[in-house]
Amino acid sequence: MSHDNPRPRHGPEADTAPEPASRWHAEVDGHPVTFWITVATAIAAVTLGFGVWWTYGLDQAGEMAAPTTEQPTSGAPMGDGDPTGPSMSSMSPDAPRVPPVFGYYDGEPIAFIHTEVSDPTIAQTLEGMMASPVPVVESLATIPAPALGTVYVFTNGLVPDDTPAGPLGFQPDVFDSAPGDETYSPLREIVEATWNDQQQARLLTTAEQTETAAADGNLKLQQTGIVVNAPLLTWPTGQR
């Protein structure tokens, strides 16, 4: 899961160039970081919305387009009390579903999905992990680094026996933000986390723990430049 042009943003390999007083006042390509976060979130929302439509909408569209002689009873809701359209419970049981993935944020278990990724090799890895297609969108890698979140993917260390493993067979991924955080973005750069000494490996469940382990010299963090669209489904304070 390496890349020839890493984006150093975390850990001991981070760029040492002077930074503005606040990263939120910095400019990237002539625009403030908040602008790029808005762009990244909009792209993720569109792609996630398209995925939901692709998963559910085609089945609904086929049913709605089919000719029928039956008319709904006057004043009767079309589903679950919602007069505006069919309910989710009316969908075909054969409609595909995007499988959730297990991870950690802020010390708590979370569920997320990975809908697209910028690298074809990683796409194959994620597809093999979840038995679900993950389209390649190379343009995700052009999103400015300050507008991206981070997901730490472990390349060695603990192999969990009571939770699902991460994509490389070791501990689940660790996320640095969730919906409601000022820095949240569903578009995330993959950062490889590798234990320098496997005897020192332990379960890490927060970004802070991960970065501290790197600062202490126990863990190597490697930016890959690979971006994945990984919106959270559940997090400690909410869910979709």
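Where is His 114 found? The legends below take up this residue and other parts of the predicted model.

**Figure 1. The loop that holds His 114.** His 114 is found between strand E4 (108-112) and strand E5 (116-117), in the loop that joins them. Its relative accessible area is 8%, so His 114 is buried, the limit being under 20%. Beyond four places in sequence, His 114 touches Val 101, Leu 126, Met 129, Met 130 and Val 134. Its other contacts of this kind are with Val 228, Asn 229 and Ala 230.

**Figure 2. The largest nonpolar core.** This core comprises 21 residues. Those that touch the most other members are Ile 110, Phe 112, Val 117, Phe 175, Ile 190, Val 228 and Leu 232. At least two residues of the core come from each of strand E3 (101-105), E4, H2, E6, strand E9 (219-229) and strand E10 (232-235). The most is given by H2, with 4 residues. In soluble globular proteins, nonpolar side chains tend to be buried together.

**Figure 3. Contacts of Val 117, and a second core.** Leaving aside residues up to four places away in sequence, Val 117 touches Ile 122, Ala 123, Val 134, Pro 135, Val 136, Val 137 and Leu 140. Val 117 also touches Ile 226, Val 227 and Val 228. A second core, separate from the largest one, has 14 residues, among them Tyr 152, Ala 201, Ala 207 and Leu 221.

**Figure 4. Ala 145 and Arg 188.** Ala 145 lies in the loop between helix H2 (120-130) and strand E6 (149-154). Ala 145 counts as buried because its relative accessibility, 16%, falls under 20%. Ala 145 and Arg 188 are 43 residues apart along the chain, and their C-alpha atoms are separated by 9.1 Å.

**Figure 5. The whole protein.** The secondary structure comes to 3 helices and 11 strands, which run from the N terminus as β-β-α-β-β-β-α-β-β-β-α-β-β-β. Of the 240 residues, 40% are buried. Among contacts between residues at least 6 apart in sequence, 70% join residues at least 24 apart. The protein exposes about 13000 Å², of which carbon and sulfur atoms supply 55%.

**Figure 6. Stretches of low confidence.** The mean pLDDT of the protein is 78, and 62% of its residues reach 70 or more. Over residues 2-17 the pLDDT stays under 50, and the model has 40 contacts for this stretch beyond four places in sequence. Residues 50-81 also have a pLDDT below 50, with 26 contacts beyond near neighbours in sequence. Where pLDDT is low, the predicted coordinates should not be read in detail.

How values were computed:
Residues are numbered from 1 along each chain as its sequence is written. This is a predicted model: local features need pLDDT of at least 70, side-chain atom pairs count only at pLDDT 80 or more; totals for chains, interfaces and linings use all residues. Side-chain values use heavy atoms; hydrogens and water are left out. pLDDT is the predictor's confidence in each residue, from 0 to 100. Contact means heavy atoms within 4.5 Å. Buried means under 20% relative accessible area, exposed over 50%, partly exposed in between (1.4 Å probe, protein chains only). Accessible areas come from the Shrake-Rupley method with a 1.4 Å probe; for residues, only the protein chains shown count as cover. A nonpolar core is a set of buried Ala, Val, Leu, Ile, Met, Phe, Trp, Tyr and Cys residues joined through side-chain atoms within 4.5 Å.
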